[in-house]
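Here are a few points on the strand arrangement, written for someone opening this structure for the first time. Please read them with the model in view.

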Amino acid sequence: MEMRSRKKYFLFPVILLVFALAGCGLFTKNYGFNSDTEGLYVQKNGQILSTLTSDFDQSYYDIEELTYVAQQQVQKFNSDNYGQSYYSYDQLTDEQKKQMILPVALNSVTQSGETVKVVLQFGNGDIYTAFSAIDIAAAGGTKVYTSTVGATEVALSGNFVTPSGAAADTAKIMEDTEDTLVYVDYAVQISTERDIAYVSDGVTMVNSHTVQTPAGQGSFVIFK
């Protein structure tokens, strides 16, 4: 009887520790990038991954040539704007990978039948905006921005709700300074690395980590 009691008292602080770690984010669910998903995938650190899909149905198309052109375009952008002569993290040593964030990185170029997919990674929303300005304009927008809530240069405006639709107070949102913030001003699907905590008016929840923003207005997405 005494031994059982000791076991119970031993397990109790362990249970408390588990709940404490859960509150610290140990059990936060992460969602990986899916290259088949449209729109933008935003990581906790504000980096963006995006897939460009195009028809590749002509006999004279060459995947190696396309890959070379993509490499040159990315390298030129990085060199002209940031003085970095790289186009991929595969070019970096393990030590460089720990220290450097490439403005734009060509992650992969793959062909499946008559379709080709190019996956690009961007250091933040401002870099994505500069590199993809033509595509953003064609979609009716001007800007993609990523930051933490505490460091955002785009002030929170409008009304916010939780994923369940409950009203959220802006002052309360601003207290969680390390939450990741995404701002866009056009219609686009956005997927996030972690569950979404708040969205602004007009943003439609697709699932716990994916939204569709409306056209013609600025929209915010905030996740833990």
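1. The model is predicted, and the points below should be read with that in mind. A useful place to begin is the sheet of seven strands, which is open and runs in the order β3-β4-β2-β1-β9-β12-β11, with mixed pairing. At its edges lie β3, residues 104-112, and β11, residues 204-207, each of which pairs on one side only. From one strand to the next, the twist of this sheet averages 20 degrees.

2. Within that order, β2 (residues 48-55) and β4 (residues 115-122) run antiparallel and are joined by eight bridges. One position that can be followed by eye is I48, whose bridge partner in β4 is F122.

3. Helix α2, which covers residues 63-82, packs on this sheet and touches β3 and β4. The direction of α2 makes about 165 degrees with that of β3.

4. A further open sheet consists of six strands in the order β5-β8-β13-β10-β6-β7, and here the pairing is antiparallel. Its edge strands are β5, spanning 144-148, and β7, spanning 167-168, and each of these pairs on one side only.

5. In the six-stranded sheet, it is worth looking at β6 (residues 160-161) beside β10 (residues 196-200), since these two strands pair in the antiparallel sense over two bridges. Here V161 stands opposite V199, a residue of β10. As a general reminder, the strands of a sheet pair through backbone hydrogen bonds, in either a parallel or an antiparallel manner.

Conventions. Residues are numbered from 1 along each chain as its sequence is written. This is a predicted model: local features need pLDDT of at least 70, side-chain atom pairs count only at pLDDT 80 or more; totals for chains, interfaces and linings use all residues. Side-chain values use heavy atoms; hydrogens and water are left out. Two strands pair if DSSP finds at least two bridges between them. Helices (H or I, at least four residues) and strands (E, at least two) are DSSP runs, numbered from the N terminus. Axes are lines fitted to C-alpha atoms, for helices over the stretch in contact, and angles run from 0 to 180 degrees between N-to-C directions. Contact means heavy atoms within 4.5 Å.
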